[in-house]
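With the model open in your viewer, please follow the selections below in order, pausing at each one before moving on.

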Amino acid sequence: MTFSADENFASQLDAEDPLRSFRDKFHLPLGKDGKPLIYFAGNSLGLMPKSARQVVDQELDDWARLGVDAHLDAKTPWYTYHEPLREPTARLIGAKPVEVICMNSLTVNLHLMMATFYRPTKSRFKILMEDPAFPSDTSCEPTTLSILLSKMPTSSQS
Ligand SMILES: Cc1ncc(COP(=O)(O)O)c(C=O)c1O
């Protein structure tokens, strides 16, 4: 295949894309001209799946109907929510199910990763972060640094 930067070539690739039908499964925000935006923010909040409202409504209905008992008796019990997510998440990231667990929020997981993997030495201790970063990402830094005061290298480590 010879790559070309023109619109016809892009349209042809779209037409041949086996995942093409997935586009219809998402709400596409519209631009000022009323046309769907070209959406590149998938690394942050992705597009809303059209099925999301029904799934969230199910959880709200279970909460309204069952209160705290929804932890165990909801259609998808909340207490064990990580279990049905384990296999599909492993498939998504190419890991074994035993290696995967879905838990917490992104911010909490960043704190856990920093506390686990950040091992400063005298010569390698800088944390680089874009400016401006997401507000809660920025909060990871001071928290981590205060947790890690006890891990700071002694003069024999570098
Ligand atoms: C880059 C980034 N950091 C942090 C967050 C906050 O995530 P959470 O509310 O799960 O901690 C978001 C949410 O969109 C994000 O995009």
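Select Gly94 to begin, in a model that is predicted rather than experimental: this glycine comes just after H4 and takes a positive phi of about 70 degrees.

Step back next along the chain and select residues 82-93, which form helix H4. Helix H4 has 12 residues, and the distance from its first C-alpha to its last is 16 Å, close to the 16 Å expected at 1.5 Å a residue. Colour H4 by burial and you will find that the helix is hardly covered, the count of buried residues among its 12 residues being zero.

Now show the whole protein as a cartoon, where six helices and zero strands appear, so that, by the way helices and strands are assigned here, the elements read α-α-α-α-α-α from the N terminus on. Extending the burial colouring to the 158 residues of the protein, you will see that buried residues make up 1% of them. If you draw the contacts with a separation of 6 or more, residues 24 or more positions apart account for 36% of them.

Finally, centre on the ligand: which residues surround it? Select Ser44 and Leu45, then Ser105, Leu106 and Thr107, and lastly Phe134, Ser136 and Asp137, and the surrounding residues are on display. The elements that give two or more residues to this shell are helix H5 (106-117) and helix H6 (135-147). Coloured by class, the shell around the ligand shows three nonpolar, four polar and one charged residues.

Key: Residues numbered from 1 in each chain as written. Predicted model: local features only at pLDDT ≥ 70, side-chain atom pairs only at ≥ 80, totals over all residues. Near = placed C-beta within 6 Å. Helix = DSSP H or I, 4+ residues; strand = E, 2+ residues; numbered from the N terminus. Nonpolar A, V, L, I, M, F, W, Y, C, P; charged D, E, K, R; others polar. Buried ≥ 20, exposed ≤ 12 C-beta atoms within 10 Å, placed from the backbone. Contact = placed C-beta atoms within 7 Å. Expected span 1.5 Å × (residues − 1).
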